[in-house]
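Reader: I would like a close look at a single part of this chain, the packing of one helix against another. Please set it in the context of the whole.

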Amino acid sequence: KGKPEEAEKTLQKVADSQGSSEAHLALARFLLKLGKEDEAAASLQSAVQTAGAGSPSVKALALAAQAEFELLAGSGKQALKTRIELSSVLLNSSGQ
C-alpha cells in the first residue's frame, strides 16, 4: 500500500511484455489516477493499436476509453472522431 511508483513499473512491464490492449488499458487507467495524462494518452494509443488485430469487443473497449480520455482532456472534436470509429467497430461486429 502506498507505493504507486512500484505499481506503475509493474504495470508498465506487464504492458510491454504482453503487448495486449487490456494491459495497456490497465496501465492508462492507473496513470490517469496518478495524474500522468501524457503517459496515459500514449498507453491508450498503444491499446487502440494493439486492439486492431484483436476481437472487436477489445477494440471497442480501447476506443471507448480513448474517447472518454479525449473528452476529459478537452478535445471534443477528436473524441467525436473516436466515437465514430467506435460505432463502426460495434456495427461491424454485430454483423458477424
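Author: The pair H3 and H4 comes first, then the chain around it. This is a predicted model, in which local features need pLDDT of at least 70 and side-chain atom pairs count only at pLDDT 80 or more, while totals for chains, interfaces and linings use all residues. Residues are numbered from 1 along each chain as its sequence is written, and side-chain values use heavy atoms, with hydrogens and water left out.

Helices here are DSSP runs (H or I, at least four residues; strands are E, at least two), numbered from the N terminus. H3 covers residues 37–51 and H4 residues 56–72; their axes come within 8 Å and cross at roughly 155°. Axes are lines fitted to C-alpha atoms, for helices over the stretch in contact, and angles run from 0 to 180 degrees between N-to-C directions. That crossing makes H3 roughly antiparallel to H4 (an angle over 145 degrees).

From H3, Glu-37, Ala-41, Leu-44, Gln-45, Ala-47, Val-48 and Ala-51 take part in the contact (heavy atoms within 4.5 Å), and they meet Val-58, Lys-59, Ala-62, Leu-63, Ala-65, Gln-66 and Phe-69 of H4. By class, ten residues of this contact are nonpolar, two polar and two charged (Ala, Val, Leu, Ile, Met, Phe, Trp, Tyr, Cys and Pro count as nonpolar, Asp, Glu, Lys and Arg as charged, and the others, Gly among them, as polar).

As for the whole, the chain has five helices and zero strands, in the order α-α-α-α-α from the N terminus. Its C-alpha trace spans about 45 × 30 × 20 Å along the principal axes. Just after H1, Gly-19 takes a positive phi of about 65°.

Note on methods
Parallel < 35°, antiparallel > 145°, perpendicular 65-115°, else oblique.
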